[in-house]
Amino acid sequence: LKRGMPAVSKKQQQAMAIALAAKEGKISKKKLKGSSKQMAKSMTKEQLRDFAETPRKMLPSSSNVKNWY
């Protein structure tokens, strides 16, 4: 089983989990806002699951884009 890219922050992991829940019909897509709404439209369930399943314990609360490069 090939793992996708992990989430880089707790906020990203949470947004992916919310988008995944909407894709799976666990919550209404009408309730989505911002990045979760865009992710639900543009990503597959498998992609969302890879990010959403990232263990939160070692993730920072938020990520600074400058640190990605």
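## Three helices and their contacts

In this predicted model, helix α3 has four buried residues, namely Leu48, Asp50, Phe51 and Ala52. These buried residues pack against two other helices, α1 and α2, the latter spanning residues 34-42. This packing is a suitable point from which to explore the rest of the chain.

The chain as a whole contains three helices and zero strands. Read from the N terminus, its elements follow the order α-α-α. Of the 69 residues in the chain, 29% are buried. The surface that the chain exposes amounts to about 5,300 Å², and carbon and sulfur atoms contribute 55% of that area. Among the contacts with a separation of 6 or more, 67% join residues that lie 24 or more positions apart.

How do α1 and α3 lie against each other? Two packed helices are described by the angle between their axes and the distance between the axes. Here, α1 and α3 (residues 45-52) pack at an angle of about 145 degrees, and their axes are 8 Å apart. On the α1 side, the contact is made by Gln12, Gln13, Met16, Ala17, Ala19, Leu20 and Lys23. On the α3 side, Lys45, Leu48, Arg49, Phe51 and Ala52 take part. The crossing of α1 past α3 is left-handed. An α-helix has 3.6 residues a turn, so residues three or four places apart point the same way. The reader may keep this rule in mind when locating the residues just named.

One residue of α1 deserves a separate look. Is Gln13 buried or exposed? Gln13 lies in helix α1, and it counts as buried because its relative accessibility is 7%, which is under the cut-off of 20%. Its side chain reaches the backbone oxygen of Ala52 at 2.6 Å. The side chain of Gln13 also makes a polar contact with the side chain of Arg56, at 2.8 Å. When neighbours within four places in sequence are set aside, the residues in contact with Gln13 are Ala7, Phe51, Ala52, Thr54, Arg56 and Leu59. Of these partners, Phe51 and Ala52 are included among the buried residues of α3.

The segment before α1 can be examined next. Pro6 is located in this segment, ahead of α1 at residues 10-23. Pro6 has a relative accessibility of 43% and therefore counts as partly exposed. Beyond residues up to four places away in sequence, Pro6 touches Gln12, Phe51 and Thr54. Although Pro6 and Gln47 are 41 residues apart along the chain, their C-alpha atoms are separated by 9.8 Å.

Val8 also belongs to the segment before α1. With a relative accessibility of 30%, Val8 counts as partly exposed. Val8 and Met58 are 50 residues apart in sequence, while the distance between their C-alpha atoms is 9.7 Å.

Finally, the reader should consider how confident the prediction is. The mean pLDDT of the chain is 83, and 84% of its residues reach 70 or more. Which residues have a pLDDT that stays under 50? This applies to residues 65-69, for which the model has two contacts beyond four places in sequence. Where pLDDT is low, the predicted coordinates should not be read in detail.

Note on methods: Residues numbered from 1 in each chain as written. Predicted model: local features only at pLDDT ≥ 70, side-chain atom pairs only at ≥ 80, totals over all residues. Heavy atoms only, no water. pLDDT = per-residue confidence, 0-100. Contact = heavy atoms within 4.5 Å. Buried < 20%, exposed > 50% of the residue type's maximum accessible area, 1.4 Å probe, protein only. Areas by Shrake-Rupley, 256 points an atom, 1.4 Å probe, with all protein chains shown as cover. Polar contact = N/O pair within 3.5 Å; in protein donor to acceptor, adjacent residues only side chain to side chain. Axes fitted to C-alpha atoms, helices over the stretch in contact; angles between N-to-C directions. Left-handed = near helix turned anticlockwise from the far one by under 90°.
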